[in-house]
Protein chains: 2
Amino acid sequence: MLTTTSEYAIRALVYIAQQGEDEPVLAREIATNTGVPGNYISKILRDLAHGGILTSTRGVGGGFKLARPAKQIKLGDIVTPFENVAHRNRCPFGNDVCSDDHPCGAHTHYKTVKNAYNKFLDKTTLQAVAQSQLRGPKKTRKKK
Amino acid sequence: MLTTTSEYAIRALVYIAQQGEDEPVLAREIATNTGVPGNYISKILRDLAHGGILTSTRGVGGGFKLARPAKQIKLGDIVTPFENVAHRNRCPFGNDVCSDDHPCGAHTHYKTVKNAYNKFLDKTTLQAVAQSQLRGPKKTRKKK
DNA sequence: TGGAAAGATGATTTTTTTATCAAGATATTG
DNA sequence: CAATATCTTGATAAAAAAATCATCTTTCCA
């Protein structure tokens, strides 16, 4: 569903979001705590910085910070630099146009999946994910 | 969403389903009519045959036929030989367990996407796709 | 001002996916 | 039984994705 790279990007940003907004977070630290290969995360972070999601500072005390509040970052913003949106929404039958008016055979069925996915990316904020990640397992009384 | 290979498999089976149940369909013919690379479709067809979705016969008059009626084939049956189901349902945070009881931060949000996708694969029959593909654009009066 | 701490960058490698090629095995038909 | 049509198989190649490596630049601070 999500590509490996997109997943890594989300994990990294969630981690950063959880560290508070004061100090920049080190690439190395992100790698260690998210289980993403160190060198690879550097590229991803750089791309995210280029994309305006992160800001980076070098030297001692440097690292990565969110470019804007987590509430204003959608998961879609995070993954778009790494995913081909056209490819994601393409028709599985290779039709150039595949719309409600000119549907392929799978159109009505597949549409629900695409819609769910697009909604997931468009509506879910980084903050929402970072918060519930912190809260941990659901807030019911412990079993047993 | 769907991998290229899964897409090809679905296209091929839809095409076969549309050719009626009498005569086997040639690999070559499938390739031509679905836009799938000829040599590649052969492998896919072979895998589908191994997977019990198709039967194949060689020699003159040979080709591929559905192993059972299109109504009894789910899209999930078609793509499972080509997709890693575990991978599809894995947690984007790499957690071993990621359930309603032990959710990752994205769990509730991502779940809807997974559910939609799994439902698409589990519920949609080959027949449904093959039929609506045949019917073409939706059945309203022509515009204009 | 020079050394260490960061990120930035470009080249390279590895792995996976997609695609092609060529030579087989089997069935039909005349 | 020979020729042809078909699928089968294994080797290989090309492309894309994921991962690594080495080197560079910037920044801080003693």
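1. DNA strand D has 25 residues around it, the closest being Thr5(A), Tyr8(A), Arg58(A), Lys43(B) and Ser56(B). A residue counts as near a strand if one of its heavy atoms lies within 4 Å of it. Of the strand D atoms within 4 Å of the protein, 67% belong to sugar or phosphate and the rest to bases. Please keep in mind that this is a predicted model, in which local features need pLDDT of at least 70 and side-chain atom pairs count only at pLDDT 80 or more, while totals for chains, interfaces and linings use all residues. Side-chain values use heavy atoms, with hydrogens and water left out, residues are numbered from 1 along each chain as its sequence is written, and chains are lettered from A and ligands numbered from 1 in the order in which they are written.

2. Now to the polar contacts with strand D, where a polar contact is a pair of N or O atoms within 3.5 Å (within protein, one must be able to donate a hydrogen and the other to accept it, and residues adjacent in sequence count only if both atoms are side-chain atoms). Tyr8(A) places a polar side-chain atom 3.0 Å from a phosphate oxygen of DNA strand D. For Lys43(A), the partner is a base oxygen of DNA strand D, 3.1 Å from a polar side-chain atom. Arg58(B) has a polar side-chain atom 3.3 Å from a sugar or linking oxygen of DNA strand D. The elements that give two or more residues to this surface are helix 1 (4-18) and helix 3 (38-50) of chain A, along with helix 2 (27-34), helix 3 (38-50), strand 1 (54-57) and strand 2 (63-66) of chain B. Helices (H or I, at least four residues) and strands (E, at least two) are DSSP runs, numbered from the N terminus.

3. By class, the surface near DNA strand D holds nine nonpolar, ten polar and six charged residues. Here Ala, Val, Leu, Ile, Met, Phe, Trp, Tyr, Cys and Pro count as nonpolar, Asp, Glu, Lys and Arg as charged, and the others, Gly among them, as polar.

4. Turning to DNA strand C, 25 residues surround it, with Lys43(A), Ser56(A), Thr5(B), Tyr8(B) and Arg58(B) closest. Sugar or phosphate accounts for 65% of the strand C atoms within 4 Å of the protein, and bases for the rest. The surface near DNA strand C divides into nine nonpolar, ten polar and six charged residues.

5. Which atom of Ala27(A) is 3.0 Å from a phosphate oxygen of DNA strand C? For Ala27(A), a polar backbone atom takes that place. Ser56(A) has a side-chain N or O atom 2.8 Å from a phosphate oxygen of DNA strand C, and Arg58(A) has one 3.2 Å from a sugar or linking oxygen of that strand. Two or more residues of the surface near DNA strand C come from each of helix 2 (27-34), helix 3, strand 1 (54-57) and strand 2 (63-66) of chain A, and from each of helix 1 (4-18) and helix 3 of chain B.

6. How are the two protein chains related? A rotation of 180 degrees with 0.0 Å of shift along its axis superposes chain B on chain A, with an RMSD of 0.1 Å; the fit is by least squares on the C-alpha atoms of residues with pLDDT of at least 70 in both. The two copies are thus related as by a two-fold rotation axis. Met1(B) is the residue of chain B that comes closest to the axis, at 2.7 Å (C-alpha). Of the interface residues of chain B, 100% are also interface residues in chain A, so the copies meet through the same surface (contact means heavy atoms within 4.5 Å).

7. The largest pocket has a volume of about 390 Å³. Among its 20 lining residues, Met1(A), Leu2(A), Thr3(A), Met1(B) and Thr3(B) are closest to its centre. A pocket is found on a 1 Å grid over the protein atoms alone, as an open set of points where a 1.4 Å probe fits, with protein on both sides within 12 Å along at least five of seven lines; lining residues have an atom within 4 Å of a point. Grid points are joined across faces, edges and corners, and the volume is the space filled by probe spheres set on the points.
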